[in-house]
Amino acid sequence: MTDGTMHGHNRPAPHVTKADIDRGDRLHVGREVIVDRYTKWARLNHWVTAISLILLALSGLALFHPSLFWLTNLFGGGQMTRMLHPWFGVVLFFSFAGLFIRFFRLNLPAREDAQWAARIGDVLKGNEEKLPEVGKYNAGQKFVFWAMSVLIMILIASGLGIWEEYFTQYLTIEQLRIAVLVHSIAAVAIICVWIIHVYAAFWVQGTLSAMTRGTVSGGWAWRHHRKWLRALAAYGKRDDRPDEPKS
Amino acid sequence: MTINVNPPVAADTTMQMGPQDYIRRSASSVPAPARQLEPVAKLIDVSKCIGCKACQSACLEWNDLREEVGVNTGVYDNPHDLTPNTFTLMRFTEWVNPETDNLEWLIRKDGCMHCADPGCLKACPAPGAIVQYSNGVVDFVKENCIGCGYCVKGCPFDIPRISKVDNRSYKCTLCSDRIAVGQGPACAKACPTKAIVFGTKEEMKAHAAERIEDLKSRGYSNAGLYDPPGVGGTHVMYVLHHADKPSIYAGLPDDPRISPLVEAWKGVTKYAGLALMGFAAAAGFVHMAVSGRNRVTVEDDEEARRLAERAPGAAPLDPSKEPSA
């Protein structure tokens, strides 16, 4: 079998460059291949963001619909929920800003994204062999990344405006009404994006370890992010090859 | 017609209204009350007001509130706006009547209008923080208030104020604690010209009709009652000499209603939003059940090894060596 032949399909391997990998990515070669996908700082950054997003969702939903007001008990009552929610938002904003800086480069659009997205039916059926080879992130992951980025900007801007303790006095009541409506719609949207994100991580077996241990199996990388794996094999840091000196 | 705003304190002061008379309770539902209280109203006759602020003082006194000593900016309004301590405020407007070229000094006692369709209550997310009695009184229950300020966004009249001291929302209660024992509101009791009167809503409408007739006979052809239908009518009403343009009275809304933005937020967004989130979660479960997990195969692992082996500069694979991670 050659590079261009897999799963019975003949197609040329895509051109890869060093730019297709992140600094922390690394290949461990042995009886099986293991790939470093996220550094411990990236994982810590991710989980701070994740926990603040969950706390935000719970405290926000408590004030969104009366049937969910009981969620305020998790935070020590209604007054405490009202007080804490904006601060969770501040934590999320700065934490996500860290993730944005780490991840945005490889989440920029690539040639194969349109084709991948057009074959969303095959994605959902798990027909990986019908999809183009993708880099570190596929178009679905890029959608989650950019949707989160945009929605968090909308949420922090509208949320600061309706932060009763500090900022509402700077807006007119009509502006506050717009802000609270925008905030609630954006919140519904981000919770839906979050559901997609979490579901995809569970559905695609072997994904969670990327954010727990920081590694994925070589087979996972080959199956889902082949272009990334090719770049990593050719240009990445490997156990069996001395690291290039830092320039 | 005599309006008795100051009935003698009855020997028997049993509570005439209470939680059993709620017809609405924020973010929760109430059972239909067993009885219907007679709707009440406060009528403020702007044409009789002399701007003495006795009502403001009475309000502070009855509710045991203190206002900070303010700063004079050259207008009579004092304080400059409603505050968590000032539930009612005389607003002074100097208006030149274009028809007569006369300066008219319009004085309006601002405060909660006690809407039949209260926007504050609609917006409130805290169960029981805002209640409406069957006699029309809309009251804030501060023990349940969480200080989010949603009532401020819901109110068409810009009335509620959030205290920076205890983070709770405050506004005129229509002296619900006085009404409950058969008394009129403190402001009505203190008013020296009977510009503020209190009684049943029907009585107040009849009284207003007399006043309007009188004003019309004096040349105020547009005199009328302010009982805006956009909010279902109010339980605080004004007699205005220029009822055709309420906004000249320090911005009294011409046609108040709950903002469509608030209706959208508390209506379709709330229900469609919950449904959408539920649908997204359900879709995940269905997809997992139908298509199963997307698993990595043994072939995938082998391909990865072959690729790693072939790569330029790769050392020959040692099948016995464990990867170092």
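In this predicted model, strands β1(B) and β5(B) pair in the antiparallel sense, and 3 bridges hold the pairing together. Within that pairing, B:Arg25 has B:Val131 of β5(B) as its bridge partner. On to the next strand, β5, which covers residues 130-133 of chain B, is joined to β6(B) by 3 bridges, and these two strands also run antiparallel. One of the residue pairs here sets B:Gln132 opposite B:Val138 in β6(B). The link between the two strands is a hairpin with 4 residues between β5(B) and β6(B), and in its turn B:Gly136 has a positive phi of about 105°.

Taken together, the 3 strands make an open sheet of chain B in the order β1-β5-β6, with antiparallel pairing. Because β1 (22-25) and β6 (138-140) of chain B each have a single partner strand, they stand at the edges, and one side of each is left without a neighbour in the sheet. From one strand to the next, the twist averages 25°.

In a regular strand, side chains alternate between the two faces of the sheet. In β5(B), B:Ile130 and B:Gln132 point one way while B:Val131 and B:Tyr133 point the other way, and all of them are buried.

**Annotated cysteines of chain B**

An unreviewed UniProt entry carries the annotation "binding site" for B:Cys112, B:Cys115, B:Cys120 and B:Cys155. These positions are spread over 44 residues of sequence, yet they cluster in space, the largest C-alpha distance being 10.5 Å. For "binding site", the UniProt record (unreviewed entry) also lists B:Cys49, B:Cys52, B:Cys55 and B:Cys191. Here the spread in sequence is 143 residues, and the positions again cluster in space, with a largest C-alpha distance of 10.5 Å.

The table places some of these cysteines by their C-beta neighbour counts.

| Residue | C-beta neighbours within 10 Å | Class |
|---|---|---|
| B:Cys120 | 28 neighbours | buried |
| B:Cys155 | 27 neighbours | buried |
| B:Cys191 | 24 neighbours | buried |
| B:Cys52 | 15 neighbours | partly exposed |

B:Cys120 is found in helix α2 of chain B, which covers residues 119-123. Not counting residues up to four places away in sequence, B:Cys120 touches B:Ile130, B:Cys151, B:Gly154, B:Cys155 and B:Pro160. One of these contacts, B:Ile130, belongs to the buried residues of β5(B) described above, and another, B:Cys155, is itself an annotated position.

B:Cys155 has its place in the loop between α3 (150-154) and β7 (161-162) of chain B. With residues up to four places away in sequence left out, the contacts of B:Cys155 are B:Gly119, B:Cys120 and B:Pro160. B:Pro160 thus appears in the contacts of both B:Cys120 and B:Cys155.

In the other annotated group, B:Cys52 lies in the loop between β2 (40-45) and α1 (54-62) of chain B. B:Cys52 counts as partly exposed, because 15 other C-beta atoms lie within 10 Å, whereas the threshold for a buried residue is 20 or more. B:Cys191 sits in the loop between α5 (186-190) and β9 (196-200) of chain B. Leaving aside neighbours within four places in sequence, B:Cys191 is in contact with B:Ala54, B:Cys55 and B:Ile196; among these, B:Cys55 is listed for "binding site" in the UniProt record as well.

**Chain A and the contact with chain B**

Chain A has 9 helices and 6 strands, and its C-alpha trace spans about 65 × 40 × 30 Å along the principal axes. Of its 247 residues, 38% count as buried. Among contacts in chain A between residues at least 6 apart in sequence, 66% join residues that are at least 24 apart.

The contact between the chains takes 57 residues from chain A and 57 residues from chain B. On the side of chain A that touches chain B, helix α6 (residues 173-203) gives the most, with 15 residues. By class, that side of chain A has 30 nonpolar, 15 polar and 12 charged residues.

**Confidence in chain A**

The pLDDT of chain A averages 93, and 94% of the residues score at least 70. Over residues 1-9 of chain A, however, the pLDDT is below 50, and beyond near neighbours in sequence this stretch has 9 contacts in the model. Where pLDDT is low, the predicted coordinates should not be read in detail.

How values were computed: Residues are numbered from 1 along each chain as its sequence is written. Chains are lettered from A and ligands numbered from 1 in the order in which they are written. This is a predicted model: local features need pLDDT of at least 70, side-chain atom pairs count only at pLDDT 80 or more; totals for chains, interfaces and linings use all residues. Two strands pair if DSSP finds at least two bridges between them. Axes are lines fitted to C-alpha atoms, for helices over the stretch in contact, and angles run from 0 to 180 degrees between N-to-C directions. pLDDT is the predictor's confidence in each residue, from 0 to 100. Two residues are in contact if their C-beta atoms, placed from the backbone, lie within 7 Å. A residue is buried if 20 or more other C-beta atoms lie within 10 Å of its own, exposed if 12 or fewer, and partly exposed in between; C-beta atoms are placed from the backbone. UniProt positions are given in the numbering used here, feature names are shortened, and annotations may be inferred rather than shown by experiment. Ala, Val, Leu, Ile, Met, Phe, Trp, Tyr, Cys and Pro count as nonpolar, Asp, Glu, Lys and Arg as charged, and the others, Gly among them, as polar.
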